[in-house]
Amino acid sequence: MKKKYVIGILLIILVIILIAIFNRSDNHITSYIIKEKKDSYYVREYYDNDSYYFIIRDNKKNRYSFSLNKKVKDKNTIIKSIKKYSRGELTCIYPSYVDDVISELHCIKNNKNYNVSYLKQVNDSDYLEINKLIKKDGLSSSGLHNNGTATKYKNMKIYKNNLLSNYYFTMWNYKGIYVFNKDSIKNIKLLDYDQYENKFGILLNNYYVYIDSENRDKDIEFKYYNILNDKSDSYIDNNKKHNISINIYFNGTNGNLLYFTDLKGKLQYTFDIDKKKVNKITDGVDSYVVVRNGEVDYLNKSVFFEHNHYFDNKVNNKEISKLYNSSDIREVGNFYYAYTNDGDLYRINKHDISNGELLFNFDSISTYNIKGLDILMVVQDTLFLYNDSVGLVPLVVNEELNYNYNNVCDFFVK
């Protein structure tokens, strides 16, 4: 009996050790040195949840900070070599990765990290010279992306060359939505009347979910359009215990759930797009849901109803606010995004918050939405996308965006 007991304990210990080893293999921090002809680079490599982050120092104590969000077979020490380009005060490195992973140019000037999108946006003369060398060497760079010619569609101009594969963009047009992707442009009618403010429409994964508020019966009806297969359907919640009023607002989405709040009944609900079902998640108790950086948190009833809550990833961070002179800070995954009072937008890795990467500059951004490492934003009459592969690109020019932009544009990546 004692022998079986000892064997059982040993097996439990073995399982714990194996779990620890397995978990450790999915995340690592490692350091290594890469030597070139005239230069040597000290690399600090962070790996977490299929995402890499690097801090690289060269002989002149320049510090480059950048990320790589691509799957690599060999998880450790994935940089094979580094090519350097210098012009004036600007120095850029071009790392080569294992498994032939596509790389990008990373630049620094006066100890500050610049994304090539910013350098291209301001027509930095040193960068333009380096870009010629990049072309000569046959290397790729988001700065070399060509926007192409805009195509007219209804009252808009669309840059088809910037509509990425597997990306679907939506734009509210008062009676429905435009759906843009690499292969087609569609005008989807959802309502029989004009709805200027889009209060009851939202993109939930590949479904555009909405409520026809003017033609609503007593029971709430969720209608939804599948942007992938062009099919529509609806779900009527006839659960008498719910008795949801018309005085509702959408909190936002998380996973396959749309969260919404009934202000009259002081209750919060979810609509499950997969199960096609409405569930009450509160009943006057301390369980009102907010979502911050993809994590569910709970508030008590009195705090929750102090104001409307939207899942927008806005956070307060005094250290970042002071470092970047920013009052608009978002937290998404392993990054903070800081939009400064000078119009600069920084992407800041949590491993190195003092060395953010300047992505681009706009004096005024009407609204912006971050998913993964992609940023969709409205600036005056233009819808822009920032993506690591193509940089900062215009997607759609629409005069209406000057006046109406809240909850108008969104995107889904297949």
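**Disulfide, cores, sheets and rings**

Let me start with two cysteines. C92 and C107 are both buried. One caution before I go on: this is a predicted model.

So, the disulfide. How many disulfides does the count come to? The count comes to one. The bond joins C92 and C107, with the sulfur atoms 2.1 Å apart. That pair links distant parts of the chain. C92 is in strand β6, residues 90–97. C107 is in strand β7, residues 106–109. The two cysteines are 15 residues apart. Now the handedness. The torsion about the S-S bond of C92 and C107 is about 105 degrees, so the disulfide is right-handed. Another cysteine, C409, is buried too, with a relative accessible area of 15%. The cut-off for buried is under 20%, so C409 qualifies at 15%.

Next, the nonpolar cores. In soluble globular proteins, nonpolar side chains tend to be buried together. Here the largest nonpolar core has 36 residues. Which members touch the most others? They are F169, M171, F180, L190, L383 and L395. Several strands each supply at least two residues of this core. Going along the chain, they are β10 (156–158), β11 (167–172), β12 (176–180) and β15 (207–210), then β30 (374–379), β31 (382–387), β32 (391–398) and β33 (409–413). β11 gives the most, with five residues.

Apart from this core lies another, of 26 residues. Its members include I220, I244, V278 and F304.

Look at F169 in the viewer. At 1% relative accessibility, F169 counts as buried. Which residues does F169 touch, leaving out those up to four places away in sequence? The list runs L163, Y178, V179, F180, L376, L385, L395, D410 and F411.

On to sheets. One open sheet has six strands, in the order β9-β10-β32-β31-β30-β29, with antiparallel pairing. Its edge strands are β9 (151–153) and β29 (367–371), and each pairs on one side only. Ignoring direction, neighbouring strands of this sheet are turned by 25 degrees against each other on average. Inside the sheet, β31 and β32 run antiparallel and are joined by six bridges. For a register check, take F384: its bridge partner in β32 is P394.

There is also an open sheet of four strands, β14-β15-β16-β17, again with antiparallel pairing. Which strands are at the edges? β14 (201–204) and β17 (231–237), each pairing on one side only. The twist from one strand to the next averages 25 degrees. Four bridges join β15 to β16, residues 220–226, and these two run antiparallel. Y210 has K223 as its bridge partner in β16.

Now a hairpin. β3 and β4 form one, with five residues between them. In the turn, K61 has a positive phi of about 65 degrees. β3 covers residues 51–57, runs antiparallel to β4, and is joined to β4 by six bridges. Y53 stands opposite S67 in β4. Is β4 enclosed or open? Five of the six residues of β4 (63–68) are buried, so the strand is largely enclosed by the rest of the structure.

Then the aromatics. The structure holds 31 aromatic pairs. Two examples. The rings of Y167 and F169 have centres 6.1 Å apart and planes at 25 degrees, so this pair is stacked. Y167 counts as buried, at 11% relative accessibility. Compare F335 and Y337. Their ring centres are 6.4 Å apart and their planes lie at 50 degrees, so that pair is tilted. Both F335 and Y337 are buried. Ring pairs also build a cluster: Y207, F222, Y224, Y235, F260, Y269 and F271.

Last stop, N361. Where is N361 found? In strand β28, residues 357–361. Set N361 against F169. The two are 192 residues apart in sequence and 23 Å apart in space, C-alpha to C-alpha. Neighbours within four places aside, N361 is in contact with Y118, Q121, D342, G343 and D344.

That's my tour. Questions, please.

How values were computed. Residues are numbered from 1 along each chain as its sequence is written. This is a predicted model: local features need pLDDT of at least 70, side-chain atom pairs count only at pLDDT 80 or more; totals for chains, interfaces and linings use all residues. Side-chain values use heavy atoms; hydrogens and water are left out. A nonpolar core is a set of buried Ala, Val, Leu, Ile, Met, Phe, Trp, Tyr and Cys residues joined through side-chain atoms within 4.5 Å. Buried means under 20% relative accessible area, exposed over 50%, partly exposed in between (1.4 Å probe, protein chains only). Contact means heavy atoms within 4.5 Å. Two strands pair if DSSP finds at least two bridges between them. Axes are lines fitted to C-alpha atoms, for helices over the stretch in contact, and angles run from 0 to 180 degrees between N-to-C directions. A disulfide is a pair of cysteine sulfur atoms within 2.5 Å. Rings of Phe, Tyr and Trp (its six-membered ring) pair if their centres lie within 6.5 Å; planes under 30 degrees apart count as stacked, over 60 as edge-to-face and the rest as tilted.
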